[in-house]
Amino acid sequence: MRIEKIFLSLLIIFLFLLQGCGKKSPPLPIEKSIPQGADLTLEPTPYGIKLWITLPEKTQGGYTLTKIQYVEIEKKEEPIEKGGKIKIRHFKIKPKLHSAGRLFLYTDTDLKSGYKYTYRLRIKKDFLVATPFLPERVIYWSDPPSWVRDLNLILSSPRELTLKWNPPLFNLKGAPLMGELFYTIERVKNGKIEYLNIRETYFKDKFTEDEKSCYRVRALLNYYGTFLPGPFSEYLCYP
């Protein structure tokens with residue numbers, strides 16, 4: 001009789017465990033599965049626009065975002081000064097999420113001079129879950145300026161040097177350059193890199209005999225408030 005009771009007790013426990021085996025936790029509500037907001041930053045370069053995309057680490061419910069299907073980018077192309085149709089395109093990228101970094105780069109080189117470009121993105125997590133399109137980012141595009149001309153470096157005093165150049169006359173496609181120009185100087189001293197933005201076509205700098213100073217220059221075209229950079233010159237160094 002005692003053996004039968006033990007057997008019956010074990011049978012009940014086994015059936016209880018069998019009933020609970022294989023049960024899955026209920027799926028998250030859709031609103032808690034939606035990824036948190038991403039971030040989009042546009043960076044003009046001499047040869048296109050870099051789209052820096054920072055993906056979120058969490059969903060709206062506070063859960064870790066481990067995978068997505070794709071990031072959808074909407075690109076609107078609109079002529080600035082001449083009549084024409086507005087074109088809207090959608091394309092997808094499929095970045096792999098990694099805990100060490102959520103920053104991804106997409107470079108758009110399919111651009112036309114004299115156009116305004118508007119970008120938006122959204123994240124598609126799975127079949128039913130996606131974010132709305134995030135706020136738009138706008139950039140104005142013209143063919144960037146070419147290299148600065150006649151760059152040279154002279155000693156203007158025993159402790160001062162002067163970097164001089166002439167502005168570019170053409171853009172990178174060889175057409176006359178129209179618009180206001182600024183300049184970026186990259187200065188390297190003692191392994192430290194600095195960037196200086198100026199309007200003039202010269203730059204004066206102090207130096208000491210025990211340090212080496214290197215410089216390179218690029219032009220920036222102010223086009224409807226977007227600063228479009230040309231390529232950097234070669235380095236000039238002293239001593």
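Before we look around, here's a bit of vocabulary: two strands pair if DSSP finds at least two bridges between them. Strands themselves are DSSP runs marked E of at least two residues, while helices are runs of H or I with at least four residues, and both are numbered from the N terminus. What you're looking at is a predicted model, where local features need pLDDT of at least 70, side-chain atom pairs count only at pLDDT 80 or more, and totals for chains, interfaces and linings use all residues. Residues are numbered from 1 along each chain as its sequence is written, and side-chain values use heavy atoms, with hydrogens and water left out.

Let's start with the whole chain. It has two helices and 15 strands. Of its 239 residues, 37% count as buried, where buried means under 20% relative accessible area, exposed means over 50%, and partly exposed lies in between (1.4 Å probe, protein chains only). Now take contacts, meaning heavy atoms within 4.5 Å: among those between residues at least 6 apart in sequence, 60% join residues at least 24 apart.

Now find strand 6, residues 115–124. Seven of its 10 residues are buried, so this strand is mostly covered. Strand 6 pairs with strand 3 (residues 70–79) in the antiparallel sense, over 10 bridges; there, Tyr70 stands opposite Lys124 of strand 6. Strand 6 also pairs with strand 7, again in the antiparallel sense, over five bridges. In that pairing, Tyr119 sits opposite Arg137 of strand 7.

Follow the chain out of strand 6 and you get to the loop before strand 7 (137–141), which is where Phe127 is found. Is Phe127 buried or exposed? Phe127 is exposed, because its relative accessible area is 69%. Together with Ile30 and Leu128, Phe127 forms a nonpolar patch on the surface with about 370 Å² of accessible area.

Another place to visit is an open sheet of three strands, in the order 8-9-12 with antiparallel pairing. Why do strand 8 (149–157) and strand 12 (202–206) stand at the edges? Each has a single partner strand, so one side of each is left without a neighbour in the sheet. Strand 8 and strand 9 (residues 160–166) pair over six bridges, and Leu153 stands opposite Leu163 in strand 9. As a general rule, side chains in a regular strand alternate between the two faces of the sheet.

Technical notes:
Patches are made of residues with over 30% relative accessible area and no salt bridge: like charges are joined within 9 Å, nonpolar side chains (Val, Leu, Ile, Met, Phe, Trp, Tyr) within 5 Å. Accessible areas come from the Shrake-Rupley method with a 1.4 Å probe; for residues, only the protein chains shown count as cover. A salt bridge is a side-chain nitrogen of Lys or Arg within 4 Å of a carboxyl oxygen of Asp or Glu.
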